[in-house]
Structures are given as C-alpha cells and as structure tokens.
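Colleague: Could you take me through one part of this model up close? I'd like to follow a single strand pairing and see what sits around it.

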Amino acid sequence: MKKLIIMLALMALAVAHLPATWADMGHHHHMLMDGRGMVMNANSDKLPQDCQALSETVDITIHAGHQHALAFNGKMFAFDKQQWDVKPCAKINITFINDDHIRHQLMIHGLPGYLYPEGMFHLELYGAGELKASLIVPSQKKTYLVHCELPQHMEKGMKAQLKVGGGDGDLPSIPGISAPVKADHYAIDWQQSTWLILLVCIMAGLLLPFIAITFIKLKRKQP
Ligand SMILES: [Cu+2]
C-alpha cells in the first residue's frame, strides 16, 4: 500500500511538471510553429547589452522564390534583394513572403547568443505565404549572413547580407554583389564532332556573302 501511494505521488509529481517543462522548452528556444511555418528566436523588446536605446525601427519586406533568381545567370532560388542596411541598435520588423510553393527559410547568423540561441534568427515557410517577426541588432559594425539553409538553396542563389552600421565587408557569392568563391564552370566538350560543326559554321559564314552577291547580280541581270 505504501509503495502504491509513493508511486501515485511520483506520477502526480511528474504530470504536474510536464506543462512546466514544455513551457520552459518553448521559452528557451523562442519558437512559434503552425501549419504554415515557424519563427525561432524572434526578439521585439530585448535590447542588446551594448545598446542604450533603439536607434531606429525599420520595416523590411523580403520575398523568397524562384522568380527572383531570373536576374542571375545559373541561379535557381533567390531573395528579391541581396542586401539590407540598418543602423547599429536598430529594430527590424521583417515580413517574410514565400512566392514559391516549396519550403524556404530566412536565417540570419552571427547574432549575440545571449539573445538569439546559437546566434540565429530563423523564419521558415512550408509553402507560399507570409510571416512577420522582429529582431534587434547590436551596435557592432558587422555584416550578417542571410540565407536559406535547405539543401542547395544557398548554393543556388538564396544568399544575402544584412549590414549593420555599414557592415564589415561583403560576404562571398552574394548574387549581383560579390564574386563566388568557386565560379561555375561551363566547359565545352571538344570532340571531333565539335570541331567539325565549328568548321562547317565558319565555312557557311564565309560563303554567305558570296552567295548573296551572286544572287543580287543574277537578279539585276533579269530585265
Ligand atoms: Cu529555400
């Protein structure tokens, strides 16, 4: 009987602790999830330690999708802009819009870990849709990486940069902004047939004026 009471007491204790543990987990990771997507580590009110006050509040709308990559050769996905500039200690209200029907993320890296676990601000949409979330940046002049971490999305163009106070340089491989670390190489496969096609094209190019002249001469001779 004593054992049963102890067991029941332990079970009651465990059940009582469950919601607290869940709440704690949710709080620790600052995570919001629903059927459309998720927001991790949003921060609309906590000032970084090095900021006395907010310098400005900026609203930024960021589109993600295949159509935004059309401006860049060889790219598949992109954001509609590749760079944003804000003041040190700025609050940024982000509206993230996914124009595709596949998953895309908007991740900002290198933020202070005491406000953003793992230094990361993370928005994600599982398909077309819209999400809103805010963050506050520290005072340091720094360039932050903004990208989509899904396999190959960054390599295929979904990479941008957020400059605070002018930033500390450009990151590599930002479409339209900085040179790639490894440039795409479209090699020509020089086979016998390639040479033959090239030769035929050159011959045709050389012959064309003669054919045209002959044709004109023939036409003039006609009464
Ligand atoms: Cu993506």
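Modeller: Start with β5 and β11: they run parallel, joined by four bridges. Keep in mind that this is a predicted model. Within that pairing, D85 stands opposite K163 of β11. K163 also has a partner on another strand, since T143 is bridged to it. That brings in β10 (residues 142–147), which pairs with β11 in the antiparallel sense over six bridges. β11 itself covers residues 159–164 and is mostly covered, with five of its six residues buried.

Now step back along the chain to the loop between β4 (78–79) and β5 (83–86), which is where K81 sits. How buried or exposed is K81? It's partly exposed, because 14 other C-beta atoms lie within 10 Å, and a residue needs 20 or more to count as buried. Leaving out neighbours within four places in sequence, K81 is in contact with I62 and A160. I62 is 19 residues away along the chain, yet the two C-alpha atoms are 7.2 Å apart.

On to the nonpolar side of things. The largest nonpolar core has 34 residues, and L106, I108, L123, V137 and V146 touch the most other members. Among the elements giving two or more residues to this core are β4, β10 and β11, along with β7 (104–108) and β8 (121–125). I108 is a handy one to click on: not counting residues up to four places away in sequence, I108 touches F121, Y144, V146 and L162.

Notes. Residues are numbered from 1 along each chain as its sequence is written. This is a predicted model: local features need pLDDT of at least 70, side-chain atom pairs count only at pLDDT 80 or more; totals for chains, interfaces and linings use all residues. A residue is buried if 20 or more other C-beta atoms lie within 10 Å of its own, exposed if 12 or fewer, and partly exposed in between; C-beta atoms are placed from the backbone. Two residues are in contact if their C-beta atoms, placed from the backbone, lie within 7 Å. Two strands pair if DSSP finds at least two bridges between them. A nonpolar core is a set of buried Ala, Val, Leu, Ile, Met, Phe, Trp, Tyr and Cys residues joined through C-beta atoms within 7 Å.
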